[in-house]
Amino acid sequence: MQTQSFADSASTNHTGSSLISGKAIQGTRVYSPAGEELGHIEDVMIDATSGKTVYGVLEFGGFLGIGSDHHAIPFGKLKYDTAREGYVTDLTKEQLENAPKQDESWRENRDWQQRSHDYYGVAPYWL
């Protein structure tokens with residue numbers, strides 16, 4: 001399996017450039033290490049100050065969007081796989097189910113963000 005980081009990947013951009021729009025990322029499937037489809041990227045969160053792509057918001061579970069959860073996953077946990085035309089993460093379905101729950105304030109809640117980054121084992125983007 002060939003994986004590339006987001007920054008190194010042209011993913012769905014067929015121009016040969018490594019730049020990709022947020023619209024092109026939306027809807028891209030996400031797979032577990034075992035190849036199980038976990039969901040798809042619903043949105044991308046960018047830090048307005050630094051310009052860094054911080055989170056891929058994964059729509060997970062449910063059926064046709066009903067009963068699904070959304071998990072803001074640090075983008076460093078997602079690697080683009082050209083063969084699958086989707087992102088692969090080392091996270092399992094169980095890890096996603098046990099992730100820190102988001103509330104309405106998660107975008108501003110530094111405590112939740114810190115717990116989330118700790119849970120996923122990724123350095124916080126603001127450091």
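Over which residues does pLDDT stay under 50? In this predicted model, that stretch is residues 1–15. The model nevertheless has 34 contacts beyond four places in sequence for residues 1–15. Some care is welcome here: where pLDDT is low, the predicted coordinates should not be read in detail. For the protein chain as a whole, the average pLDDT is 83, and 82% of the residues score at least 70.

With that in mind, the overall layout can be followed along the chain. The secondary structure consists of three helices and seven strands. Read from the N terminus, the elements come in the order β-α-β-β-β-β-β-β-α-α. Of the contacts in the protein chain with a separation of 6 or more, 41% join residues 24 or more positions apart. The protein chain has 127 residues, and buried residues make up 38% of them. The area that the chain exposes comes to about 7300 Å², with carbon and sulfur atoms supplying 49% of that area.

The interior comes next. In soluble globular proteins, nonpolar side chains tend to be buried together. Here, the largest nonpolar core holds 17 residues, and the members that touch the most other members are Ile25, Val30, Ile41, Tyr87 and Leu96. Two elements, S3 and strand S4 (53–60), give two or more residues to this core. The element that gives the most is S3, with three residues. A second, separate core has eight residues, among them Val57, Ala72, Trp112 and Tyr125.

Ile41 offers a good place to look around in the structure. Once neighbours within four places in sequence are left aside, Ile41 is in contact with Ile25, Gln26, Gly27, Thr28 and Val30, and also with Gly56, Val57, Leu78 and Tyr87. Among these partners, Ile25, Val30 and Tyr87 are named with Ile41 as residues of the largest core that touch the most other members, whereas Val57 belongs to the second core.

Val44 makes a friendly second stop. Val44 lies in strand S3, which covers residues 37–46. Is Val44 buried or exposed? Val44 counts as buried because its relative accessibility is 15%, and the cut-off for buried is under 20%. Beyond its neighbours within four places in sequence, Val44 is in contact with Ile25, Thr53 and Tyr55. One of these partners, Ile25, also appears among the contacts of Ile41. Val44 and Ile73 are 29 residues apart along the chain, and their C-alpha atoms are separated by 9.6 Å.

Methods
Residues numbered from 1 in each chain as written. Predicted model: local features only at pLDDT ≥ 70, side-chain atom pairs only at ≥ 80, totals over all residues. Heavy atoms only, no water. pLDDT = per-residue confidence, 0-100. Contact = heavy atoms within 4.5 Å. Helix = DSSP H or I, 4+ residues; strand = E, 2+ residues; numbered from the N terminus. Buried < 20%, exposed > 50% of the residue type's maximum accessible area, 1.4 Å probe, protein only. Areas by Shrake-Rupley, 256 points an atom, 1.4 Å probe, with all protein chains shown as cover. Core = buried A, V, L, I, M, F, W, Y, C linked by side-chain atoms within 4.5 Å.
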